[in-house]
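Here is a short briefing for a first look at this structure. Start with how the chains meet, then turn to each chain.

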Amino acid sequence: MAAPKDTMFRSADMSLTQLYIANEIGREVVSALGELGVMDFRDLNSETTAFQRTFTQEIRRLDNVERQLRYFHSQMDKASIPMRSIYDFNNPFTSPSASEIDELADKSQSLENRISSLNESYETLKKREVELTEWRWVLREAGGFFDRARGQTEEIRHSMDNDDAPLLRDVEHQPQHGEAAADRSFSVMNIGFVAGVIPRERIAAFERILWRTLRGNLYMNQSEIPEPIINPETNEEVSKNVFIIFAHGKEIIAKIRKISESLGADLYSVDENSELRRDQIREVNTRLSDLASVLQNTKQTLDAELTAISRSLAAWMVIIKKEKAVYQTLNKFSYDHQRKTLIAEAWAPTNSLGMIKSTLQDVNDRAGLSVPTIVNQIKTTKTPPTYFKTNKFTLAFQTIIDAYGTIKYREVNPGLPTIVTFPFLFAVMFGDFGHGTILLLAALAMIYYEKPLSRGKLDELFSMIFYGRYIVLMMGIFSMYTGLIYCDAFSKELALFPSMWKWQNNGVGPNADRVEGYVYPFGLDWRWHDTDNDLLFSNSYKMKLSILLGWAHMTFSLGWSLVNARYFATPIDIWGNFVPGMIFFQSIFGYLGFSIVYKWFIDWPARGQDPPSLLNMLIYMFLQPGTLENPDAPLYKGQATVQVILLLLAVCCVPILLFLKPFYLRYEHNKARALGYRGIGENTRVAHALDDDDENQTLNGGRDSFGSDGDGAAMITQGIESGEHEEFEFSEVMIHQIIHTIEFCLNCVSHTASYLRLWALSLAHQRLSIVLWDMTMNIAFGISGFLGVIAIVVIFYFWFALTVFVLCVMEGTSAMLHSLRLHWVEAMSKHFMGDGIPFEPFSFKILLEEEPIE
Amino acid sequence: MANGWSLVIGLIVIVVFCGVSWCAAPKGENQTVWRSTLILSAVACFLMWAITFLAQWHPLIQPIRNDLRPEHTPSHRAY
């Protein structure tokens, strides 16, 4: 079956295919199809959980490998070793054989062991080093403490005799009084001490707790360590203090030890004797230097190992990711135990079937298997998924439409005209030659540097603009065009042709005369710039422009509903929806458009007549049909009669729109009933549900189940394209149609008014750029002399920056959103059906795009 | 130079352009995109130009200049 060529106009023709794959080459086949990326596999085991599926074991194993690779990656990040970029590989995408995967798994396992043991020893050594450093600090600081404390034994003793001494301390110290007086040495005074290191932020709490628990019965000394200590586990810097606490009594010392340990302090042994202390310091220093060299070696080995891994890590990650995806897809297949084959069902574009078959043949030949892989096309009643083959130019435009809703299978794709209408309506609002040039240049730059930009990491806003670079390109081109039409370049006029106006009084004015028989040939006459009444003229022009463009856009969109109705062979949609809708719309708003153009056509001053106001004409047409605002001066002869006829036409269309379709559908339904037909969905729902999961489902199979119902009623296979059959319910259809009618009629009014945003935004954009010019450059031009030169340079940059950021980026965003709305609401409501199923092919390319390996 | 016939001439030019783009669009899988983009762009641009032209064909108001202050000499902007 030769399918028509796939275009952007309709979604690609899809076929449900069934593959019979020999079990031995299942992996290779799926991997080859993943490279091809055109098959959307259906899940044939949806009732089994993830754990019960055939290839869960393999996936677990690959998960483990993936975890190991991630571990390497995190270790590399920690050691700040860069990973070789994925783009530096010549061809990382060759599909590896199963044994290569096994090899890779073993390799990563052994590497993980090695790295983690290296890491472990490195961390232990690092911890040891920190401990030694802390000890060294304690030893260094303790010397000072001891000296000071020795000097204070005198003071301690004095305080015990003093009546003004704190009460608590006094009481506590009282019993040892006699003893303490005897000797000044610590040991003789029975004073012990605890030395250690504690994080600085805990020191206050530490002191308070000690004071309270020991009732002030201690002598504490502390000092800050000037350099921060690095915690080897978290790699964080912590600033710490050295402390030494003197107290007497073994129990109290033990208590202090407990308290300090519970507060996270590390205690170190320090000798009281200064000689011994000096020895200790010396010993610690030698140990530290030994440790440093060992650490250095370990670090070097680790880095060398990681660097070796970094060279191929990206490729391994890609391979494992693909392999995992292959097994996940294989899990969707059902397995025929008797014939030892895997059975798969997948949607694929009909045009790609040839390619799929040849790919499968290739895989078969390479494996040297005599049993070929069989590809069957199945006829089905299921709705095929919607698939558009896009390229980098059309992708962003299609995304605009897809963001609103998935297009129904084979429906007219609004994305195709959007390529032009979206940037064009944007440009009508954004029209300025200068700003358009900036957009165009930006887009060209993004397209020129496409490759490096798409590989680099972009921030969110910029990556969005980059994604839509071709939209920006079209926007820029059209904005330049509309800028020429509006005769605006950075709010200044562009005098391309001689003006059609000549100032009176030999070029002084203030009034102007028309140059006889000459119309300004392209765009607005530049003489309107900076006149008293340019807003009067341009507002009238731009409003009418918006209405006419809106009318054209909506008529165009409404036309697609005719194309859709003809394609899906539903004539009732033509006669019940399209025709009355079109007549309704044209007899009111088509007439308005006609009047606008007609009024422009007539040379009113030459007739010596004042033209009638169109706004009042439209109001009178509805409020007092048959009468005119000014019956003596009609727009044309017979205006009143024409308007009555048009109004009657519009009114007549409403009941047709309302009732024709539902009643016709009821008539059809009743006729079929009377002949003994029944809808498929009504009595074969059970059979249908079974079919859904039956992997051998064919049209014949389906027919069998229909026949086996056995009540003699023949089945109509009407609507075979749609998988789900709804029972006919008149009330539902009627309500649906009422809503549609009300919506359509009201929307004709509100949507036409909605296009006036084209005028409003273009007015705002133009005024804003004029204001910006007047507030910056105009002032700069007014300053004379040397200061003026500087002012012009400075203000120019200021003006340019504001032009780019306010007028181009901000105004551009707002105009873009308005254009988006005009497409989603005003245009697409006229014909868009939606409710399609997106096509999600199993493709390695998409997989790697979604989860990039950076 | 430019009068009412410009509209007709413009229309003919656009119709010819559309015909040519329909036939001359590069063959291949992007033919539809080429055709629709070229023709729609031409039609949209023509519409906009024609509307602007029509609006100025028989203007009902004339520009009144607002830069006539004593400091402006008559020679200023005397084109």
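In this predicted model, the interface of chain A and chain B holds 1 salt bridge. Glu29(B) and Lys389(A) form it. Their closest N and O atoms are 3.3 Å apart. Polar contacts also cross the interface, with 13 residue pairs found at pLDDT 80 or more for both partners.

**Which parts of chain A touch chain B**

- Seen by element, α12 (415–430), α16 (469–486), β12 (501–503), β13 (512–514), α18 (534–567), α19 (571–601) and α20 (604–607) of chain A each bring at least two residues to the side that touches chain B.
- Which element of chain A gives the most to this side? It is α18(A), with 8 residues.
- By class, this side of chain A has 44 nonpolar residues. The polar residues there number 11, and the charged ones 10.

**Extent of the contact**

- How many residues does each chain bring to the contact? Chain A brings 65 residues, and chain B brings 39 residues.
- Between chain A and chain B, about 4700 Å² of area is buried. Carbon and sulfur atoms give 68% of that area.
- Three residues stand out on chain A: Val420(A), Val519(A) and Trp600(A). Together they supply 12% of the area that chain A buries against chain B. No other three residues supply more.

**Chain B: the annotated span**

- UniProt, in an unreviewed entry, annotates residues 33–55 of chain B as "transmembrane region".
- In the model, the span of residues 33–55 of chain B is 100% helix and 0% strand.
- The end C-alpha atoms of residues 33–55 of chain B are 33 Å apart.

**Chain A: overall make-up**

- Chain A has 854 residues, and 47% of them count as buried.
- Its secondary structure comes to 30 helices and 13 strands.
- How do contacts in chain A spread along the sequence, counting residues at least 6 apart? Of these contacts, 80% join residues at least 24 apart.

**Chain A: the annotated span**

- For residues 101–128 of chain A, UniProt lists "coiled-coil region", again from an unreviewed entry.
- The model shows residues 101–128 of chain A as 100% helix and 0% strand.
- From end to end, the C-alpha atoms of residues 101–128 of chain A lie 40 Å apart.

Definitions and conventions: Residues are numbered from 1 along each chain as its sequence is written. Chains are lettered from A and ligands numbered from 1 in the order in which they are written. This is a predicted model: local features need pLDDT of at least 70, side-chain atom pairs count only at pLDDT 80 or more; totals for chains, interfaces and linings use all residues. Side-chain values use heavy atoms; hydrogens and water are left out. Contact means heavy atoms within 4.5 Å. Buried area is the accessible area (1.4 Å probe) that two parts lose on being put together, summed over both. A salt bridge is a side-chain nitrogen of Lys or Arg within 4 Å of a carboxyl oxygen of Asp or Glu. A polar contact is a pair of N or O atoms within 3.5 Å; within protein, one must be able to donate a hydrogen and the other to accept it, and residues adjacent in sequence count only if both atoms are side-chain atoms. Helices (H or I, at least four residues) and strands (E, at least two) are DSSP runs, numbered from the N terminus. Ala, Val, Leu, Ile, Met, Phe, Trp, Tyr, Cys and Pro count as nonpolar, Asp, Glu, Lys and Arg as charged, and the others, Gly among them, as polar. UniProt positions are given in the numbering used here, feature names are shortened, and annotations may be inferred rather than shown by experiment. Buried means under 20% relative accessible area, exposed over 50%, partly exposed in between (1.4 Å probe, protein chains only).
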